[in-house]
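Colleague: Could you take a close look at one part of this model for me? I would like to know what surrounds a single residue, and then how its chain is built.

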Amino acid sequence: MTGLRPDRPPGAVMAAALLGLALFAAPLVGLLARTPWSRIGSVLTGPVATDALRISLLTSLAAAAVATALGIPLAWVLARWEFPGRSLVRGLVLLPMVLPPVVGGAALLYAFGRRGLIGEPVYDATGLLLPFSGWGVVVANAFVATPFLVVTVEAALRNLDPRFEAAGSVLGGGRWRVFRRITLPMIGPSVGAGVLLAWARALGEFGATVTFAGNLQGRTQTMPLAVFVALEQDRDTAIALSLVLVAVSLAVLVVLRDRWWRSW
Amino acid sequence: MTPAPLLRFLVCTALLLPGCAAGGTAGEHVLVFAAASLTDAFADLAEAFEAADPGIEVTVSTGASSALREQILEGAPADVYASANEANMRLIVEAGEAAAAPVVFARNDLVIAVPAGNPAGVTGLGDFARAELLIGLCAAQVPCGDFGRQVLAAAGIVPEPDTDEPNVRALLTKIEDGELDAGLVYRTDVAASRRVEGIEIPNRFNVEASYPIVVLAGSARPEAAGAFVAFVRSENGRAILEARGFTVP
């Protein structure tokens, strides 16, 4: 790289880029300016905050696990198997990325609610109910988070040189064995990135959660829900929890800095 | 509202262009922030007002009174605020955001809402303590949640809620869909829905909700805003509110 310094973009581009940066930085600065720094410790150890932190941590980790267990097979099928309607299936899987989460939550209710298509027979037979429970939060979180893992892993599988896997097959590995021994290690970093991304998305989930799982402190109230409800009365708690969310999300994205666009 | 003014309104709101809403050929544009429980009544009121006074357009934005209050305190360009309780209005007045003294224009009280057919066989407030039922309240931070807790406390009942919904419409929807067995909502919400039934709460436990309305100090068009508030309190306005189940003072 001696002497081959890339050119600085033209002034107009720099100006627009700065404006864009301000759009993202200004709200963060606003949040920091409102933060009750002297009270943040006591606020974050209060009952609402500790319940929300615990529930968010448990449900987002569970959702990331569900996303991994279902997302990798989905990515595998989408990347490697040509079948009619594959684009449609991919669209269906990625839909939660663009769907308003509230709509997703309502749709989940119509499927898995007590009067839902699947929820009703299950409830009648077993008495089990997803809405208004921690598992409901996990399902809502997994619904919105899994697509992030699927796109990341599918892109990695497509970018993989097929000769490695071919060589593995020639050497006598079955499909399952080749996937585990050759493919998975090679796309490992992308899987890691996808899991992190899915986890971060689950951690920030609001609309689908409140619509499908409701909002009850100590049972279903995650950090974003606590922020939303507290914003109107207990602003210190709302801002302190928001800061935790911002810090965690920012950390995840910084860790992913290269992985995110390289794998695309 | 026709699409063009709506588009103009959205663009104006999105860009926060000064004087944008007041310009144009369609006359003045009043933005009303109204409590979620006023959704249907204020849609009717806005329509009737626009028909009676074609020079002024009214857009109603509804949400939890507390959420709207926060938006106003953060500088939302609203002209009129109608709250579902006096506590939120008091904060608006104390912040110097009210252009005049608020007036109570409607009253409401709570009923127990159950899905049509009352599948869980709910009979009264006592059922709110039954853990095996799916019970919903509004969050304590919004007026219907505050009132609901007052009613239950007055009746000496410690509720076992399964969810604290962020506003009364969200709670009503979950009862309508049969996802909840019962919840405490406004009388007017039950009147507005064909898919829920109301169970009366004894008067000695019930709470009366007063709805105050005010023109906001930050309004760029206080006369048009005042005209809408006057309409809400007029004979026509009162009839519309009564048709939606409110009592009017």
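Colleague: The residue I have in mind is B:Ile175. Which helix does B:Ile175 lie in, and which residues does B:Ile175 touch, not counting those up to four places away in sequence?

Modeller: Happy to help, and please keep in mind that this is a predicted model. Let me begin with the chain as a whole. Of the 249 residues in chain B, 49% count as buried. Its secondary structure comes to 9 helices and 9 strands. Among contacts in chain B with a separation of 6 or more, 78% join residues that are 24 or more positions apart.

Now to your residue. B:Ile175 belongs to helix α6, which covers residues 168-176 of chain B. B:Ile175 counts as buried because it has 27 C-beta neighbours inside 10 Å, and the cut-off for that class is 20 or more. Leaving out residues up to four places away in sequence, B:Ile175 touches B:Ala113, B:Val114, B:Pro115 and B:Gly136, along with B:Leu180, B:Gly183 and B:Val196. For a sense of distance, B:Glu28 is 147 residues from B:Ile175 in sequence, and their C-alpha atoms are 39 Å apart in space.

Finally, the partner chain. Chain B uses 15 residues to contact 15 residues of chain A. On the side of chain B that touches chain A, α3 (65-73) and β6 (163-165) each supply at least two residues. By class, that side of chain B has 6 charged, 5 nonpolar and 4 polar residues.

How values were computed
Residues are numbered from 1 along each chain as its sequence is written. Chains are lettered from A and ligands numbered from 1 in the order in which they are written. This is a predicted model: local features need pLDDT of at least 70, side-chain atom pairs count only at pLDDT 80 or more; totals for chains, interfaces and linings use all residues. Helices (H or I, at least four residues) and strands (E, at least two) are DSSP runs, numbered from the N terminus. A residue is buried if 20 or more other C-beta atoms lie within 10 Å of its own, exposed if 12 or fewer, and partly exposed in between; C-beta atoms are placed from the backbone. Two residues are in contact if their C-beta atoms, placed from the backbone, lie within 7 Å. Ala, Val, Leu, Ile, Met, Phe, Trp, Tyr, Cys and Pro count as nonpolar, Asp, Glu, Lys and Arg as charged, and the others, Gly among them, as polar.
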